[in-house]
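Here are a few short exercises to work through with the model open in your viewer. Try each task before you read its solution.

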Amino acid sequence: MAPFGVDLDYVAVAALFCIGLYMLVAKSNLLKKLLGLNVMETSVFAFIVTSGMVEGGDPPLLVAGAQPPFASPIPQAMVLTGIVVVVSVTAVALSLIVQIYAHYGTLEVDELKERP
Amino acid sequence: MSVAWEQLLPWAVALPFVGAALTPVLAARSPRWTGPWAWGVVLATVAVTVGLVAHVAEAGAFTYAIGGWSGAYGIELRFDRFAAWVLPLSLLFAVIVPFSWRYVVVSLEPARWGAFYALLLLVMGGMIGFSITGDLFNLFVFMEVTSLSSYALVAVGGRGVAAWAALKYLFLGAVASLLALLGTALLFVLTGSLNLADVAARLGPDVARGPVLIAFAALVTSFLVKAAVFPLHVWLPDAHAIAPSPVSAVLSGLVVKTGIVGLVRVVQLFHAADAVPLAGFHLALAWLGAVSIVMGAFLAIFQDDLKLMLAYSTISNVGYIVLGFGLAAPYAAVGASVHVVNHALIKTTLFLAAGALIHQTGFRTLSDLRGVARAMPQTAAVMAIGAVSIVGLPPTAGFLCKWYIALGAFEADRAPFGFALVFGALFIFVYYIRMVNALYFQAPVHARVAEATEVPWSMRAPLLLLAASCLVLGLLGGAPLAFVEPAVAGVLPVGGP
Amino acid sequence: MKGWALALVVVVAATLAIGVQGLPTHDAPEAPIHDHVGARYVERGVEETGMRNLVGAVLLNYRGFDTMVEVVVIFTALAAVLALPRAGSVADAPEALPVSPVVLFVVRLLAPFIALFAIALLFRGHVSPGGGFQAGALFGALFVALGLVLGRRGAARLVPERARPWLQAAAPLTFAAVAALGWALTGSFLGFPQAPELHAVREAMALALEVAIAVGGGVILGSLFQTMEA
């Protein structure tokens, strides 16, 4: 979709990226920072997966009744891989956060900085 | 009968991965065997990398099409003279793994031994894959294996502080990875391909410059963060100082180099495509390198914590490498490429020796470790050899590279960078002299330091081997430089600076 | 801090706004994404891989090496979580948290259906949306839901102790085995034989990978949750 010559998909991706970045940088709570990171990553996935779409296209399933054009299968495979990577990073981050909370009793960066 | 070594290329990655997957299985039966098992896997990998490097020296760069899908239609591995660094990489693991055994037994409960060695093998496999892949997306996935296992390895040693250092590392590392993925996605959208060589060929003059520049900037920033170039180094000092010493050696000596290898791959791509003004980029790189050298050395002077000092020293040394590539002169690029290996060796030596001192005495600051050379003469001697090497005094491994980088600065008519380099070397000299002075010429302040005993042989043998390598590599001199020379033209700007 | 963050966001937004100028329009069939590698996959994917779901064909066959590294990534996450110091262990955990009877009933009622759906995704993945990863995610979710209801010790019984490390390593090991088989059959690592008489072998290889991804992924997701909870 491109009303006024602006591709709305790109606008949405850039907006998501910036929202995630703001959360990551400005929030003091570690869990919110992690959520921000996930939002940023989602924006890149959205960019990749929408880039494979095609006007009036079918999903890349070549079963009876499917008509060309087909959406490109590569971006979908890339995003599937990317999601698994992000899930793994998130799991490790969460278990580190659990450790930090168990030791310091807080998730606020401001308070963590004051402790030795 | 000659072995078709190029057929073994994917196994250089698959071996450590399979070894890592089997480590927890083995640990469930008998945790004691995980260390020897990991060592065996590393040695098998070394055997493969030796064959690969021999093949590239003889026949030049070669590619391997995974699954038989050649070109852009599948994933291609590519082994060139830069990728040959996987040999010293795996060799260093062959020393670090036995060294780590004593640490693991003392500091970790048996239930975690398997996971620890699995992570070490995963770091190695990830770095090897990162160095040999010829595919942009594959590069990203391998980078994630390395990064993810590095984050965890930082945190294995302790609870609160270590987890916090690891989390800071994770956040910055994840943003860096995200930028690499964004750059990859942009290039893919613009060219429809993920193969490095194919992307370069398809980035013709009709492709829009704006997104190409963003992709280039995203990839370069990502790898500069991974390489901890000043001012993107903020994650490094804590993570490297707090991690257990064998892990610090892996992170500081080897993992930061994935950033450099990534940078080389990106520059190779854009060099071939001629799609961005590389001359300006090289100048910026040279500045970043020069600033890193001076700032890293400057910050290191004020550290009392031995490992923190070594961590800052890594920032300076990465600065040398980045400056070498940034000078865009053949001599400097050759020096920088070889310094990747030399710094890996020297920093591993220093971190392991520091680990040995800390392990035996329980102290980690220079003021506490004063006079330890009397009680632990061999470890202190290894430390001193490492210090002399990293400063770059003539008979050791560190000298030739820095000499080549300086020559490159004068060759490229950029004498100020040559002076920055010498100035940085002076700083580095100062703090390593301070370290040697504290270890050798001051009286012990703690009884435990005066009465410390030498480390057990499982730690001492790796240390002596590493120190000997520092000296031998210095005497060997030109061989690595001559080996990498044919490849550096691919990372210099077209038509010279 | 907030102002600084806002400034950074504005700079990044401006950079992105300039950056997207000149990107191919969405949905345009002539975009490079559709006429280079993607075109070949659509044109010859079914013939070359035997899979009608082209996403699966890319994941397992054309870019199978990526997927192999990807299952290693998730295995890395497990090794990472297992390597961290633990607060407590499964043995000294409380038997089961008090759970509302509604939750208990709903989880018990839905569990078989979730499992059935996961299995359907797994085995219908070659002709419909789905595949190993989707099934693995569902199995993982099932383990987590059951873990909440059964308590930690009950959840630990879901996967037999002795088989657990093998199941956790299932995906990387199966990939290596399939890669080695492909190496032996076609001469290239992770190669799938194309000769018509070996089509059954090709399908068996793909199916083995899908099942290993689903089982290995599901077990790892469940283990991650349990380890973190402890």
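**Exercise 1.** Work out how confident the predictor is in chain A.

*Solution.* Start with the average: chain A has a mean pLDDT (the predictor's confidence in each residue, from 0 to 100) of 87, and 94% of its residues reach 70 or more. Next, go element by element: helix 2 (residues 30-51) of chain A has the highest mean, 94, and helix 4 (residues 109-114) of chain A the lowest, 83.

A note on conventions: this is a predicted model, where local features need pLDDT of at least 70, side-chain atom pairs count only at pLDDT 80 or more, and totals for chains, interfaces and linings use all residues. Residues are numbered from 1 along each chain as its sequence is written, while chains are lettered from A and ligands numbered from 1 in the order in which they are written.

**Exercise 2.** Is chain A compact or spread out?

*Solution.* First, list the elements: chain A has four helices and zero strands (DSSP runs, H or I of at least four residues for helices, E of at least two for strands, numbered from the N terminus). Its radius of gyration (over C-alpha atoms) is 19 Å, well over the 13 Å that the globule rule (2.2 Å times the number of residues to the power 0.38) gives for 116 residues, so chain A is more spread out than a compact globule. Then check the box: the C-alpha atoms of chain A fill roughly 65 × 35 × 15 Å along the principal axes.

**Exercise 3.** Describe the side of chain C that touches chain A.

*Solution.* Count first: 47 residues of chain C are in contact (C-beta atoms, placed from the backbone, within 7 Å) with 41 residues of chain A. Helix 5 of chain C gives the most to this side, with nine residues.

Technical notes: Two residues are in contact if their C-beta atoms, placed from the backbone, lie within 7 Å.
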